[in-house]
Amino acid sequence: MEKLNGVDVSGWQPGNVLDLIPFDFAIVKISQGSSASNSYANSQLNSARKKGLYGVYHFDNGNDNYKQEVDVFIAEATKKDIPGKGILFWDWEATAVNKGIGRLAKIREYLKSKLGYAAIYASGSPVKSNSSEFKKWDYVWVASYGSNPLLRQYNPNVTQNYWPDALIHQYGSRGRLGSYSGDIDLNVAFGSREGWQAIAKASKINGSGMPAPASGKKSNAELAAEVLAGKWGNGAERKARLTQAGYDYDAVQAIVNKT
């Protein structure tokens with residue numbers, strides 16, 4: 001399986017941080033609660049775009065009005081021309097976890113209705129203890145550090161074993177990369193550049209807030225045959241590519257599973 005090395009950044013890092021370190025992908029915080037956040041987001045995103053693969057995240061404050069939080073996130077991402085080009089992640093931790101899994105399920109449904117897919121960041125313990133809910137999310141970015149040693153390079157040995165369905169594993173918070181002297185979160189994404197781009201393009205909206213263009217259709221049986229022939233990739237990449245093309249991944253995969 002292909003792997004991509006990446007980092008995530010927020011207002012705790014300077015605007016030029018991504019110019020100072022090597023990465024395949026970078027994920028930038030753009031909003032929190034009911035407002036935009038991270039005054040360095042634009043600078044960080046500009047640096048991320050130069051290297052190709054990027055995403056953004058919203059820090060869930062646990063507000064009772066979860067729809068407002070989702071709307072703020074999508075509005076801020078749209079203003080920054082992210083949908084259709086970068087992946088949007090929902091950051092569920094801290095106070096938000098205490099609001100319960102029922103609220104999170106509603107966020108998943110609302111986020112998916114607005115965006116077309118639902119991607120989440122969460123720590124390993126709540127992911128494993130609420131596995132039935134997390135399996136309903138399209139893409140999971142899970143955090144588990146182990147002993148969290150100081151690392152001066154990406155760890156090539158991280159696998160999907162901790163959470164087999166994970167798109168991304170954040171395995172440390174004490175990375176020291178390139179010429180940046182501060183700590184940086186270290187991540188590995190399981191998949192290819194093309195797979196990452198396919199997930200981004202699966203958005204219902206593009207950066208201007210307009211509906212994404214529709215694609216031509218094939219039958220689910222035709223698609224299943226193509227999947228079995230290896231034409232749609234594997235795992236998260238397959239799901240992203242089929243969704244991007246406007247197809248029902250679950251229906252196609254059900255046929256594949258029966259074959």
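Here is a short tour of this predicted model, going from the whole chain down to one helix.

**Stop 1: the whole chain.** Show everything as a cartoon and you have 10 helices and 9 strands to look at. The radius of gyration is 18 Å, close to the 18 Å that the globule rule gives for 259 residues, so the chain is as compact as a globular protein of that length. Turn the C-alpha trace along its principal axes and it spans about 55 × 40 × 35 Å.

**Stop 2: inside and outside.** Colour by burial next: buried residues make up 51% of the 259 residues. Then switch on the surface, which comes to about 11,600 Å² of accessible area, with 47% of that belonging to carbon and sulfur atoms. Now pick out the charged side chains, 31 positive and 24 negative; the centres of the two sets lie 1 Å apart.

**Stop 3: contacts across the sequence.** Take the contacts between residues at least 6 apart in sequence: 68% of them join residues at least 24 apart.

**Stop 4: helix 2.** Select residues 66-79. This 14-residue helix reaches 20 Å from its first C-alpha to its last, close to the 20 Å expected at 1.5 Å a residue. Show side chains and look for the buried ones, among them Tyr66, Val70, Phe73 and Ile74. Glu69 and Glu76 are buried too.

What do the buried residues of helix 2 pack against? Add strand 2 (25-32), strand 3 (35-36), strand 4 (53-59), strand 5 (87-91) and helix 4 (101-115) to your selection, and you have the partners on screen.

**Last stop: Asp81.** Step just past the end of helix 2 and check the backbone at Asp81, which takes a positive phi of about 65°.

Note on methods. Residues are numbered from 1 along each chain as its sequence is written. This is a predicted model: local features need pLDDT of at least 70, side-chain atom pairs count only at pLDDT 80 or more; totals for chains, interfaces and linings use all residues. Side-chain values use heavy atoms; hydrogens and water are left out. Helices (H or I, at least four residues) and strands (E, at least two) are DSSP runs, numbered from the N terminus. The radius of gyration is taken over C-alpha atoms; the globule rule is 2.2 Å times the number of residues to the power 0.38. Buried means under 20% relative accessible area, exposed over 50%, partly exposed in between (1.4 Å probe, protein chains only). Contact means heavy atoms within 4.5 Å. Accessible areas come from the Shrake-Rupley method with a 1.4 Å probe; for residues, only the protein chains shown count as cover. Lys and Arg count as positive and Asp and Glu as negative; His and the chain ends are not counted. The place of a charge is taken as NZ of Lys, CZ of Arg, CG of Asp or CD of Glu. The expected span of a helix is 1.5 Å times one less than its number of residues.
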